[in-house]
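Q: Hello! I am new to this model and would like a close look at one small part of it, with enough of the surroundings to find my way.

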Amino acid sequence: MDKDIEYPPSHTVPAQPDPAMQFTYLAEPARQAPAVVPALQGPGRHGSNRVPAPTDGDNRFKAVQQKLKAFSGALDGATGRLEALRRRMRATADRASTLAGHIADADLDPVFVEMTNAVATALDGAALATGRLHESAQAVSADASDTQRTHARMYEALDQIRSGRKHRTPKPGFFARN
């Protein structure tokens with residue numbers, strides 16, 4: 001330190017380092033978020049590289065039904081994985097909490113007990129948030145299934161009539177009077 005510069009008391013360095021402060025954590029520089037999120041390339045760990053329900057502008061009855069079915073199925077699969085993740089997080093939090101007790105019983109430095117308890121607390125919070133995400137995914141999946149059934153109830157008869165004709169039918173709005 002330069003002797004000509006006066007530092008406020010909060011910025012002074014103690015003569016003897018605190019033994020509890022054995023680790024120095026350097027913050028990573030802030031990263032800029034990409035302007036456009038790139039699409040996933042190649043098959044993922046839990047599925048294919050295809051989006052379950054692409055929005056391609058194809059609004060035919062059967063195409064919409066297939067998209068809704070694929071979307072609901074993808075969410076059902078995600079809910080199972082989210083529930084498994086929540087259980088693993090909860091089990092790991094329990095193990096970390098037990099480990100903190102073992103560290104305390106071994107009369108190690110209390111800073112390690114605090115850090116291990118902090119990990120257990122963070123995992124508990126993450127497990128709770130994952131549980132909420134799981135519930136939301138279940139609700140959206142149920143809504144997608146309800147939407148699929150409602151869409152089928154409203155438009156299936158019309159689709160059967162239009163599909164059974166040998167002649168092309170006018171586009172929607174053709175008979176509308178302006």
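How does R81 count in terms of accessibility, and what is its relative accessibility? Please also show me what surrounds this part of the chain.

A: Happy to. R81 counts as partly exposed because its relative accessibility is 38%. On this scale, buried means under 20% relative accessible area, exposed means over 50%, and partly exposed is in between, with a 1.4 Å probe and protein chains only.

A word on the model before we go on. The model is predicted, with local features needing pLDDT of at least 70 and side-chain atom pairs counting only at pLDDT 80 or more, while totals for chains, interfaces and linings use all residues. Residues are numbered from 1 along each chain as its sequence is written, and side-chain values use heavy atoms, with hydrogens and water left out.

Now to the setting. The protein chain has two helices and zero strands. Both kinds of element are DSSP runs numbered from the N terminus: helices are H or I with at least four residues, strands are E with at least two. R81 belongs to helix α1, which covers residues 61-105. With 45 residues at 1.5 Å a residue, helix α1 should span 66 Å, and its end C-alpha atoms are indeed 66 Å apart. The expected span is 1.5 Å times one less than the number of residues.

Across from R81 you can look for H134, a residue of helix α2. R81 and H134 are 53 residues apart along the chain, yet their C-alpha atoms are separated by 8.8 Å. H134 is buried, since its relative accessible area is 11%. Leaving aside residues up to four places away in sequence, H134 touches T79, L82 and E83; a contact means heavy atoms within 4.5 Å.

E83 leads to a small group of charged side chains. The side chains of E83 and R86 meet in a salt bridge, at 2.7 Å from N to O. E83 also forms a salt bridge with R87, where the closest N and O atoms are 3.7 Å apart. The term stands for a side-chain nitrogen of Lys or Arg within 4 Å of a carboxyl oxygen of Asp or Glu. E83 and R87 are four residues apart in helix α1, which means about one helical turn separates them. Salt bridges that share partners join E83, R86 and R87 into one network. E83 and R86 are three residues apart in helix α1, again about one turn. An α-helix has 3.6 residues a turn, so residues three or four places apart point the same way. As for accessibility, R86 is partly exposed at 25%, and R87 is partly exposed at 48%.

Let us follow helix α1 further along. L123, in helix α2, touches M89, T92 and A93, not counting residues up to four places away in sequence. The C-alpha atoms of L123 and A91 are 9.2 Å apart, with their positions 32 residues apart along the chain. Just after helix α1 comes D107, with a positive phi of about 55°, although D107 is not a glycine. D107 sits in the loop between α1 and α2 and counts as exposed because its relative accessibility is 68%.

Helix α2 then runs over residues 110-164; its 55 residues should span 81 Å at 1.5 Å a residue, and its end C-alpha atoms are 77 Å apart, which agrees. This helix has a kink of about 50° centred on Y155, where the bend at a residue is the angle between axes fitted to the seven residues ending there and the seven starting there.

Another salt bridge joins the side chains of D159 and K62, at 3.5 Å from N to O. The pair links distant parts of the chain: D159 is in helix α2, K62 is in helix α1, and they are 97 residues apart. D159 counts as buried at 18% relative accessibility, whereas K62 counts as exposed at 53%. A search of the whole structure finds six salt bridges.

Finally, the whole chain. Of its 178 residues, 19% count as buried. Among contacts with a separation of 6 or more, 68% come from residues 24 or more positions apart. The mean pLDDT is 77, and 68% of the residues reach 70 or more; pLDDT is the predictor's confidence in each residue, from 0 to 100. Over residues 7-44 the pLDDT is below 50, and this stretch has 16 contacts in the model beyond near neighbours in sequence.
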